[in-house]
Structure formats: structure tokens, C-alpha cells
Amino acid sequence: MKKPGLKLNDISRNAAEPLTEINLDELTPLPPPYDKIEEQPGFKRLTEDQAERLVHNLDGVVSTAALPEPQDKEEEEKYVGQFLSGMKKLLSKENNWTFLQPLLLSLDYCAQCQTCNDACPIYLASGRNDLYRPTYRSEVFRRLVEKYARPLGRLRARLSGDDIELNWATVSRLYELSYRCNLCRRCAQSCPMGVDNALLTRELRKLFSQELGWAPKELHEKGTVLQLAVGSPTGLRPDVAKDNLQFLDEDFSEATGLDIHTPWDKKGADVLLIHSAGDIISFPESPISFSVICNAAGISWTLSSEIGGYDGVNYGLFYDDVQLARVARCHAEIARDLGVKKIVMGECGHQHKAFMTVADRTLTGDLNIPRESSMTFLENIVFGGKIKFDPAKNDFPVTLHDPCNVVRNLGIVEPQRRILRYLCPQFREMTPHGVDNYCCGGGGGLSVMSDVNFTDWKVHVAGRMKFQQVLAAFADRPGPEVKKYLCAPCLNCKLQFRDIFEYYGVKEKSGIIAGGLAELIVNAMTGLKKPFISWEDPA
Amino acid sequence: MSGIGWHIFTFSALGVALLLLFYRTVRLVRLPLHLRWELAPIPHEKGKSRYGGSYLEEYEWWRHPHRKSFFGPIFYMAQEILLLRAIWRHNRGLWPLTFALHTGIYLIILMLALQALNAILAATGVPPAVLGTFRAIAAVLAAAGYLLGAVGAAGLILKRALDADLRPFSSVARYVNLAFLLAVFVSGIYAFFTVADFSAEVSLFIKGLFSGDAATGLSAPLAAHAIILILFALYLPFTGMIHFVAKYFTYHEIRWNDTPLDKEMEGKLGRLMGQPVTWSAAHAGADRPKSWTETAAGEGHEKAGS
Amino acid sequence: MAQMELAGNTYEVDENGFMQETDLWSEDVARAYAAKENVSELTEEHWTALKYLRTYYLNNGICPMIRRLIKETGYNLRKLYDLFPEGPAQSACKWAGVPKPTGCV
């Protein structure tokens, strides 16, 4: 249960006891027909065996099963020591020039006014659980930095009573707590000082990853490392990627009556398009839609089957600068070697942010190839006149989810809306929307993390505000008999929606499906045998 | 204090304060170039800042010059500085008190500036009637400033101590800063309502400071206020209250820093990327000394630890 | 690493119950997994799907996409959910002794 008045230095006490527990009746209520808690899937607790083996001292949720538990005092001191050495490196120019100025400013200028908390969807959804305040995590980190990395820190901490003990409890809880944030940056938007709690969260994750080697396996070992080794965190190898897309080309050509062909490795093409490879496996309508659209518009384009060339994800954005740079450079090198004029981001939010802005300054020399969003790319095609559309084919309620990394972080707001206003007669906005949107709950890498009982936390807590928004956007036609489309131009967001919808039976109870933007465009094209978008299961 | 005691005290305190402020500002300026971390809405985006759009919405954005608004950021910062815009929008309950505090500070600064101007003009033979008007305005600014500031500072101390949201996070430093500010305003109120002609005395004092007049002095209440105020000015640059400088960086250098990679940056990046990286995790490859570039470019296709 | 008793032996599994050493799989393991989900008998149709899934994984290092599974087996999604209670991704992959898919899938 929610611990009333959780104190900052509670984080260092009672290493084995969770600081809080998630109970569905303490979360903000959902609207009908999802309001009855007895009808909702319960919150998955750890089994007895898991509770014995796994570190779960934060909130009974485990993101990283492999988090090592120290066997003796010596091992505990080793981890504490590594945390401190990591902290010093984080504050040094040589090791952290990439984010030193933003980090120091966010550490030093917080006025502790608590304005940011009410902007945080996780804090609100949790029923205002103190543990999930952006400021809780940041202030603990801040005080540790003050105490251990600033002159007379220990003395000042003891005198001021702002002391936080650095021990195993603190280190392990800070680690897990850094994965209870979507990095959505709504807190940063509301801060009068310009302090950025999401940045502090990411710096914490980076400290753990780059110094202690701790990171969720879905992000690192089976994430960036796997991507650099075989081509994609999904494990999709180049030959399998090509084979799969060939199968899809044929399968969809049959279904649509169009002649769909996806080009690979065309040197000198104008455009290198990089999808999130997971779409090929889980949302194949998306890459196929791009193939249909690009070919119909006569674009000179290609995919790449080089390792790293067909998967635009860059999980390093979430937790690690070294991996961020490696993946970004890998993508840029492939584009350079193909001799394309520009790289277009697929419908993947964090790919946009990692490749177009954050890692931009790591792509020096001939790696600095122009990079564009699929939103502007598609807008140019839709209004370019080469393809004929009939918006009446999209005559069902459509709302738009704004992926944080495309909209709030890059300011790409209108192009996708212009498309939707044109092609979807029943398009309606969520509230709030645009740069004020709520995160889907899968941001910051959480979408691909599903170990132990983490999915339950993602679905019930992180995604709750978004779920409320989606239902509210369709409140005028809520029943399952009205087929409704949640347009989410980002694979991680679609995955999160898939998880939420599965948990709550949303397709059956409310008739809502989630999909990308490209599918809506194809669905409106004249000349298709039958609708491209289907609310039925694939047969 | 007598003789040139006031001069020594005032100018040395203010001198140290300015030097420290300058030093802390320079340290912020000299922090290395960082990776982009911008955040919409960015007010310099011409024609788009209403909804938070950026130049990245333009088709093939690199082919056009980036159309920036000059007044957009200025208007935004004016709202932020004078009207506490972010607090108004996102934390309305806190706004009255923090607005009172900040406006109080601004009015006192304005009052002192006006008095300084008055002192300079007096030496140039401006008619006494004009000077008298300035002093009258300064008096109004002083009264309003001290009263508003005191209400703001006292109110914020109470709010931090009583509000369940604020109390756990309000470190001792916060209370010390607010208490010091309160002392400035309260001593100002006391001085204002006890001395014969507040504005005239302040005016005379400042003139004396500028002219080096050894007869410069203040009545006891004003002397107390002046000492507290000058000590506060000395204390200020040691604290986070210099957020008025830091905010230039958090906004302009980070949130609104959306400049794509250019030749000037590449020069700086070359030096930064050549520095040694000593992170310990296996994948960061600190088994031997490596530069940032080597770390980022080297083991692209190897498995961690190999 | 967690452990699970299947068909009389103990195997290393991840926290969602997926086998970590796929080479140790046997048809008995599949039956044991199925029994845990209250499927007492594996029919011809179960084996068609499981064999296709496992072979595809061993050749390609990744589970086949749903569309492919549907096309190759001739079973639509409803039928797959009838055969495998938690669905093809959760149940079928698990019973076939194949690791849980990673990344954005």
C-alpha cells in the first residue's frame, strides 16, 4: 500500500522490504466499462520462489531479474564504490562531455517547488504515490552528489539533516527507480528553472550501465549488443529480414491486388528508409504500406540489408551514450556507403530523437547525412498529387497519439495532422495533445521490457493516463459496434497499446485497434480491391 | 560607520559578489559542447511556436534557412521573468506568493537603480524638481517592493513548512535563503516607516558613495537595512539564487538549442572526442585507455566483452 | 536464473517460463508445458504448429511472424488461440522450447 509521507532517506533503509506496493484500487480510476476492479486482470505479484531469488525492494516490481544481490559486506561495498566512481565520471568533462552542462544545471538549480510532479503521468496514475514523483528520484541523486562529490559535502549533509546514506538499499533502489520513468520530459516542460528530471533519470541509468554494467537485458544484452552483432534486437538477421519482407510482398500483393515490391540495397537511391524491424514481425501492414506508398509515388528509395541497416531502433538513447553513438554511427555509415541523398526515419519515435537530434553531434564528417521524419516524408507524398485518395474509405473515428520523441522532443506536430484531417473525416484530437500529450507509458525503453511482472506495472501504472485519454477521445461513440482507430505512428507506442488492449480486452469491449499512419494512407488509396485496414483477426 | 567605512564595506562586498557571479557564469559558459537535448515548444520558431512546431516539420528542412523569430524568445523570457509564466501555468497555487517575492525584488532593484540615476543626474545640474519627482517615485517603489517582498518571503517560508508536498523536499538552504530575504524586506519596511525621509536619505547616501564623501552616513534603521541588504548581495552568488543566470543556459543553451551539426561544432567535437574515456563496464571497453571516438566507433560489430 | 520441472527433469527457464537451453527440448517437454496451461493432450494440429515453429526458429534464429504461421499451418488466429491458450507468441513458442522473443515485437 502507498506509504504515507515517504521520506527521502527511506530509500536507504530496510534493504529487503519494498518501499511501496501497487494496489489497483489506489490508482486513478478508469472510466466504464473498465472501472470495476474485480473485472480487471489483477496485478501480477512475485511468486515465492521469485521473491526469494530476485531483488524487489523498490515496489515489488522487477525490471531486471539479473540485478545482483551482494552476498557479504565486501560485495556491498564494491557496488557502493562503483556507484561513487561512476558518479565522479558522470561529473567529468572527459567522460561525460555529452551531457555535462545539462546535468550540472539540473543538479544545481532545482528550487524544490514541486511544480513538475503534477505534470508526470506516472505520478498521477499511481494515485500520487510519493515514490514516483520525478523529484523523489532526482532529489535523492542530487543529495548524494552534494554529499560525495562537492567540497565539504559530508559535513554539510550532516549539519543540514539532508543526509542520505549510500548503501546497497540506496543503490539497488535507485537503479530500479530509474526504470520507473518514461523519459517523456513533461516534467521538464513545466519547470520554471529549466531543470530536467528525465535527464537526471537517464544520467542515473547511464551511470549504472557504463560503470557497473547494469541495464535491463532487453535494452542491452538483447538490445543494443544484439543489434550490433546480428542486425536487430529482435534477433532478425539480414537474410531473414529480406526473406520475411519478400513473403510479405507476395502475401499482401495477393490480398490487395497491388503489385508490391520492396527494394533492397539500391546504391545511389535518393532515400534510405529505415523501419523499426519489429514492425516486419508484429505490424507488417506498416512496412508494406510504405512500400506501396513509395512505389505509387515513384520515389527512388531502398531498404538496407546490412547489419544495422534494416532496424532503426537505438535503445542507447534510453540508457547509455556509448551504445547510442555506436548504433547511430552504424546507421549513418550504411547510408553513406549506399550513397543515398537522405535517410528517412520509419514510424519509430525514439529513432527520430536518437538519430535526428540527440546523436546528431556524434555524426561528424561524412556521417552527417540529411535525416528526415516519415511524417514530413509522407505529407509530401500525400499532398504531392501522384496518388489518388478517397477519404470516405477512412470514415471511422480516428484519434492521434503523439509519440513523445517525435512531437514533444522534435516539434514535429502538424504534418501528420494535415494528413489525418485530409484523409480521415472523423479525425478527433485527444486532450491534451501535440507537445502537451501524455506518454503512452512505453517510453524510455519500457515498451520492450517485459521480464517478471514489469508488464503489469507498464500497463496498469505507466499507461493509465494515456488509456484514459484514448477512451475519452472516443467517448461519443464508445461501444464495440463502432470500429475505431488509434493512430500511433511509433512501434514502441503500438506495442504498449497492444499490451494495454490485451489486458483490458479493449478491442472486444470498445472496438478500438491501434496502428500506424502509413496504413491509414494506403487504406484511403483508390484502386484497392478491399479495405487495407481490418478489425478482424488475420486469417 | 563613519569616514569611508561605508565605502569600503559596500564596494568590497559588491565587488566580491560581482566577481563570484562572473566566475560562476564563466564556468557555465565554459562547460563543453553537449549533445542536443531540445524540447518543444521553442519560441524562436517563426510561425510555429503557438503549437510548438519546429523547423524539422519542413520537407527536406536542410534546404531552407532556419526561419527564427527574434522577438519570440524575448517575449517568452519577459513573461517568464516578470510574470513567472511557468508557475502560473503549472502551479497556480504557488503563484501569488512567488510573484509577490519576485516583484518585490524587482521593485527594490528598480528603486536602487532610480536612486543611482538620481545621484548621477544631480551632479549634472538637472533641475531639483525633476530630482524630487524621481525620489518620490523611488519612495513608492520602495514601499511597494518591501511590502510585497515581505509577504512573499514570509508566505513562502510558511508554505514550505506547512504544505505536505513541499515540506519533505525543502532543504535547510531554502529556509535560510528565504529568511535572509525576509530580513532584507522587513528591515526595509522598518526603515521606511521610521526614518524622516526615506528616499532623501537613500539618495544622499548613494551620492556620498559615488563621490567618496567621508561624511557619508545613515540613521540607525537605514544603516541596519543597508548592512543586511549588502550582506545579502554578498551571499547571493554563493547560492542557487543565481538561477537568473542559470536560466539563460537551461533555456537558450539546452531547451532551445536546436542547431544542427556545423563546421564550428565539428572543431570542438574533435577535441572533446579525443579525450580519454575511463568507464569501467565491459562494453565501454576500459580494459585499455581509449578516446571517446575509439570507444564509439571501434567495436561496432563485436560482442560485449570480446 | 529460474528453474522449472518439466516431464520429470529440471530445466533453466527465464522469469516468464521460457526454456533457456533450447537443445534440451523434447516432445515430452511440450506436453508438460501444455499441461500447465490445462491442455491435457496435444493433437495433430498442435504438433503441426509446434513443429513448424521450432524448425523455423532453428533455421532462422527468430520465431516466425503470425502471418507466416497462419499461412503455413492453414490455421487462422482464432484457431491458434483455441489450440494455444495464451496465443502463438506466448504459449506456442514456449511449448516449442524456443526463447522468448526480444526487441520490439
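**Close-up views of salt bridges and interfaces**

**View 1. The salt bridge between B:Lys48 and B:Glu57.** B:Glu57 counts as buried, at 2% relative accessibility. The structure shown here and in the views that follow is a predicted model. The side chain of B:Glu57 meets that of B:Lys48 in a salt bridge, with an N to O distance of 2.9 Å. B:Lys48 is likewise classed as buried, because its relative accessible area of 10% falls under 20%. Over all chains, the structure holds 54 salt bridges.

**View 2. B:Thr103 in helix α4 of chain B.** Helix α4 of chain B spans residues 95-123 and includes B:Thr103. The side chain of B:Thr103 reaches the backbone oxygen of B:Phe99 at 2.7 Å. B:Thr103 has a relative accessibility of 15% and therefore counts as buried, the limit for that class being under 20%.

**View 3. A salt bridge within helix α1 of chain A, formed by A:Arg53 and A:Asp49.** The two side chains meet at 3.0 Å, N to O. A:Arg53 and A:Asp49 are four residues apart in helix α1, about one turn of the helix. A:Arg53 is partly exposed, at a relative accessible area of 28%. A:Asp49 is also partly exposed, with a value of 40%.

**View 4. The salt bridge between C:Lys71 and A:Asp251.** The side chains of C:Lys71 and A:Asp251 meet with an N to O distance of 2.9 Å. C:Lys71 belongs to helix α3 (residues 66-73) of chain C and A:Asp251 to helix α12 of chain A, so this pair joins two chains. A:Asp251 is buried, with a relative accessible area of 11%, whereas C:Lys71 is partly exposed, at 39%. Both residues belong to a network of salt bridges that also links A:Glu254, A:Glu285 and C:Arg67.

**View 5. The interface of chain A and chain C.** In this contact, 40 residues of chain A meet 22 residues of chain C. The area buried between the two chains is about 2700 Å², and carbon and sulfur atoms give 51% of this area. Six salt bridges are counted between chain A and chain C. There are also 14 residue pairs in polar contact, both residues being at pLDDT 80 or more. On the side of chain A that touches chain C, α1 (48-53), α11 (220-230), α12 (238-256), α13 and α22 (491-504) each supply at least two residues. Helix α12 of chain A gives the most, with eight residues. The residues of this side divide into 20 nonpolar, nine polar and 11 charged.

**View 6. The interface of chain A and chain B.** Contact is made by 87 residues of chain A and 78 residues of chain B. About 7600 Å² is buried between these chains, of which 59% comes from carbon and sulfur atoms. In chain A, the residues that lose the most area to chain B are A:Trp97, A:Gln101 and A:Arg361, together 13% of what that side buries. Three salt bridges are counted between chain A and chain B. A:Lys342 and B:Glu60 form a salt bridge through their side chains, at 2.7 Å from N to O. The interface also holds 47 residue pairs in polar contact (both at pLDDT 80 or more). Helix α16 (residues 321-338) gives the most to the side of chain A that touches chain B, with seven residues. That side of chain A comprises 38 nonpolar, 26 polar and 23 charged residues.

**View 7. The interface of domain 2 and domain 3 of chain A.** Chain A is divided into domain 1 (8-212), domain 2 (231-380) and domain 3 (387-523). The C-alpha centres of domain 2 and domain 3 lie 22 Å apart. Contact involves 29 residues of domain 2 and 28 residues of domain 3. The area buried between these two domains is about 2300 Å², with 72% given by carbon and sulfur atoms. In domain 2, A:Phe283, A:Glu347 and A:Met375 lose the most area to domain 3, together 28% of what that side buries. Two salt bridges are found across this interface. A:Glu379 forms a salt bridge with A:Arg418, the closest N and O atoms being 2.5 Å apart. Six residue pairs are in polar contact between the domains (both at pLDDT 80 or more). Helices that each supply at least two residues of the side of domain 2 that touches domain 3 include α13 (278-282), α15 (316-319) and α18 (374-382). Helix α14 of chain A gives the most to that side, with seven residues. The residues of the side divide into 13 nonpolar, 11 polar and five charged.

Methods
Residues are numbered from 1 along each chain as its sequence is written. Chains are lettered from A and ligands numbered from 1 in the order in which they are written. This is a predicted model: local features need pLDDT of at least 70, side-chain atom pairs count only at pLDDT 80 or more; totals for chains, interfaces and linings use all residues. Side-chain values use heavy atoms; hydrogens and water are left out. Domain bounds come from an automatic or database domain assignment. Contact means heavy atoms within 4.5 Å. Buried area is the accessible area (1.4 Å probe) that two parts lose on being put together, summed over both. A salt bridge is a side-chain nitrogen of Lys or Arg within 4 Å of a carboxyl oxygen of Asp or Glu. A polar contact is a pair of N or O atoms within 3.5 Å; within protein, one must be able to donate a hydrogen and the other to accept it, and residues adjacent in sequence count only if both atoms are side-chain atoms. Ala, Val, Leu, Ile, Met, Phe, Trp, Tyr, Cys and Pro count as nonpolar, Asp, Glu, Lys and Arg as charged, and the others, Gly among them, as polar. Buried means under 20% relative accessible area, exposed over 50%, partly exposed in between (1.4 Å probe, protein chains only).
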